[in-house]
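Here is a brief report on helix packing, nonpolar cores and aromatic pairs.

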Amino acid sequence: MEKDSKTINGDTEVKTEDGFLLSEVQEESSKSSRPTLAILGSGDYSRSLAERLVRSGFPVVVGSRDPDRNRRLFPQGAEVTTRHAAVTRADLVFVAVHRENYPDLQADREALAGKILIDVSNNTKIRKGESNAEYLAKLFPACTVVKAFNVVSAWTLSSGLSGGSKEVFVSSDDHDARQTVMQLAKEMGFAPVDYGSLLAAREIEAIPLRLLPSWHLALKMSFGAFIFLLLYTLYRGIVFKAIDGQPNIPFQHIPIHYCNRALAGTAITILSFVYFPGVLASFVQLYNGTKYRRFPNWLDKWLLARKQLGLLCLFVASIHACLSLLEFSPAYYGRHFDKTTVTADGGVVFGQMRWSGETFLLFGALALFLMVVLGVSSIPSVTNAMNWREFTFVQGKLGWVVLLLATTHMVIYGVEIFVSPGLFVSYTIAGFQITLILPAILILLKVATLLPCVSSRVNRIRRGWERKVPGRAKTPNDGYQGDEMTSL
């Protein structure tokens, strides 16, 4: 074959006698050298999968029960034929049919023998016991079954990876088959994750069916705090007045005024939930004398839920701020305004806002603004642009500043209630006073960890130091001699 060459921008282009660039010929050659992949099934997922594979440069053959009817639905480059013809031409076969249709594939048992079957199916509800992949392996013992791609949606496959998760969880009892499918996922532009044996398919198949699994604990804690504070606020403002026989019970103010009070307490309670487990973890490490012992299960789950709790705190605080703007008036916040004149009918005309009103609004606005900064910094793209010191400063030190500002906001809001016992009603303390209990305890515990005698020991433990325990053999993690650290 004759070749012509020319240099452009310092690079040499080589053309064949047919006029094709040599690089194009080599690219077509590499595509033709790729193995043919078969897809059993002609549904929406099969079409998206075929499109993704064709764009990745793989020869694709689709096995359908009615190839003539379904051929027009698939992208150009994917051959649609019968199931038997498809499986005889490929060593890797995607099984994209429902579990109940697996037995129909046994008609091609001999043609499937010795091939790798990639099960991409999902269930409509979490199934206990045998997974779809295990069931498929039982039906075809002569095949190697790999569970993969079930967590990737059809939209993600057809959208060119512009959205959705790129992780592909892969499990199989055959190590070589697992590595083959993981390499295939890489060539398709995904990030494969090795989940081990086929038994892990039960966990993989349950992943798409779980609704916000990492949010469960945070939602329960937040919703529980809101319900408790709402019921307590309604008792003091509505129920007690009704029992006491007082006139003009303000039922009409439940939707905004009383709910807003509960939201205010919920926001600062959730914020306390964010930083409480970190302080508790410090005391647990002090008690254990090491960082190498696992935290209790409840504390471990609480630590993992801190990001979700922080975002929920921002959400609740934002709603509280909006409702406060809607209802803010001397009628609700009269003690923060100067009472200037009394009209003939007994009404009160309020003057300007007092120092307490302006101060508690200032601290509330600052707390909300910094809380937004915390929320923005937790976005993955923003987090990736920060170094470790910047991230720990924002999420750590700045977070404690937000807690102090929010606590001050609540204290100044009810300063007159603290100094005027006559303002107590229904023989109970005010709702905002209840919400201050948790942050007050948290701040005191944090101050205790900042004491030199405590903080120095915590820092040493987190750098690898371990307290000597009688009877325990010295481990490689022990960096001490007596009570002094000898190495980091």
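## Helix packing and aromatic pairs

Helix 17 crosses helix 19 in a left-handed sense (near helix turned anticlockwise from the far one by less than a right angle). This is a predicted model: local features need pLDDT of at least 70, side-chain atom pairs count only at pLDDT 80 or more, and totals for chains, interfaces and linings use all residues. Residues are numbered from 1 along each chain as its sequence is written, and side-chain values use heavy atoms, without hydrogens or water.

Helix 17 spans residues 388-413 and helix 19 residues 431-450; they pack at about 145 degrees, axes 10 Å apart. Helices are DSSP runs (H or I, at least four residues), numbered from the N terminus. Axes are lines fitted to C-alpha atoms over the stretch in contact, and angles run from 0 to 180 degrees between N-to-C directions.

The largest nonpolar core (buried Ala, Val, Leu, Ile, Met, Phe, Trp, Tyr and Cys residues joined through side-chain atoms within 4.5 Å) has 53 residues. Helix 11 gives the largest share, 13 residues.

The structure holds 13 aromatic pairs. Rings of Phe, Tyr and Trp (its six-membered ring) pair if their centres lie within 6.5 Å; planes under 30 degrees apart are stacked, over 60 edge-to-face, the rest tilted. Two of them are tabulated.

| Pair | Centre distance | Plane angle | Class |
|---|---|---|---|
| Trp298 and Trp302 | 6.4 Å | 45 degrees | tilted |
| Tyr413 and Phe432 | 5.7 Å | 90 degrees | edge-to-face |

Tyr413 lies in helix 17 and Phe432 in helix 19, so their pair ties together parts 19 residues apart in sequence. Phe432 is buried, at 9% relative accessible area (buried is under 20%, exposed over 50%, partly exposed in between; 1.4 Å probe, protein chains only). Trp298 is exposed, at 52%.

Methods: Helix = DSSP H or I, 4+ residues; strand = E, 2+ residues; numbered from the N terminus.
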